[in-house]
Amino acid sequence: MTQPSLQMDRTAWIMLIALAAVWGGSFFFAEVALGEVPPLTITLHRVFWTIPILAVIVAMKRIPIPRNPRIWLGYLGMGALNNAIPFSLIFWGQTQIESGLASILNGTTAMFGAVVAGVLLVDEPLTGRKIAGALLGLIGVGVIMGPEAVSGFNPANLAQLAILGAALSYAFASVWGRVMLAGQPPLMNALGMVTASTLIMAPVVWMVDGAPSLSLSVTTWGALLGLAALSTALAYVLYFAILVRAGAANLMLVTLLIPPFAIGLGAMFLGERIGPGAWMGFAIIAMGFAVNDGRVFGWLKRRIAD
């Protein structure tokens, strides 16, 4: 039996844009919540309130809960690398820089992922194209951070490095998931991951921030629930639906679509403005993504050959 072609049809594009919107919205929701809730506690809220939503979906689909300790070790690693560490770094970074700028720097995830996979996975060799894409991504980051990054200490530069650390953590998470959770139901993986990250974050938050306060404004609660219900639970449902329908390569296009949503929300509701250096850096990062992906240059080569 022939495998169905994994292409971006109209439905896949609609889902991809929706995914970019809810992931781009996560930077906006976090910025709103930061007015009242510290970064680590926001991370805990985000993963904790996602659990009941995903649990209902998993139960409705009759997906069995795994009992193998190795699988739960996989969830623990994913909870740390894909949720606890990157969410905390991004939310802390947003205390120093704009949400739109944080989303641009987070766009380096795809290039970090290609390099980390190329180094650690035998079936994804590190090619010259991947290296070139990663180098362009780093040049883009350098343009965004500017010469002051090496001329003196600046909390904003430290925040930008925190976002890059989050992107690197996501990259290691993708490799960990492939090795430890291959063949497991994707939605169960998502539920196991947020459950594990809640178990990780609860004692950390208790020690650093103290018991989370529930006496928050309606606006802050709306932002926290938006993070959990839209930017996490719905995002995972869309993510895996696109993965099945269009494949991983097409799914990575979301990397370029997230910043416009985050920047637009920040401009409309938070009064944020992104400088020309950040836009230039984003353009170079996007070029690095195109080099890493390879399809644009493959298409141009075929057009020239024709």
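This is a short tour of a predicted model, from its interior to a patch on its surface.

Residues are numbered from 1 along each chain as its sequence is written. Local features need pLDDT of at least 70 and side-chain atom pairs pLDDT 80 or more, while totals for chains, interfaces and linings use all residues, and side-chain values use heavy atoms, without hydrogens and water.

Start with Leu19, Ile42, Ile104 and Leu105. These have the most contacts inside the largest nonpolar core, which has 75 residues. (Such a core is a set of buried Ala, Val, Leu, Ile, Met, Phe, Trp, Tyr and Cys residues joined through side-chain atoms within 4.5 Å; buried means under 20% relative accessible area, exposed over 50%, partly exposed in between, with a 1.4 Å probe and protein chains only.) Now select helix α1, residues 10–33, a DSSP run of H or I with at least four residues, numbered from the N terminus. Helix α1 supplies the largest share of this core, 12 residues. Another core, of 5 residues, lies apart from it and includes Val116 and Val175.

Next, select Asn83 in helix α4, residues 69–93. Is Asn83 buried or exposed? Asn83 counts as buried because its relative accessibility is 0%. Show Ser197 too: a polar contact of 3.4 Å joins the two side chains. (A polar contact pairs N or O atoms within 3.5 Å; within protein, one must be able to donate a hydrogen and the other to accept it, and residues adjacent in sequence count only if both atoms are side-chain atoms.)

Finish at Leu135 in helix α7. Leu135 counts as partly exposed because its relative accessibility is 49%.

Notes:
Helix = DSSP H or I, 4+ residues; strand = E, 2+ residues; numbered from the N terminus.
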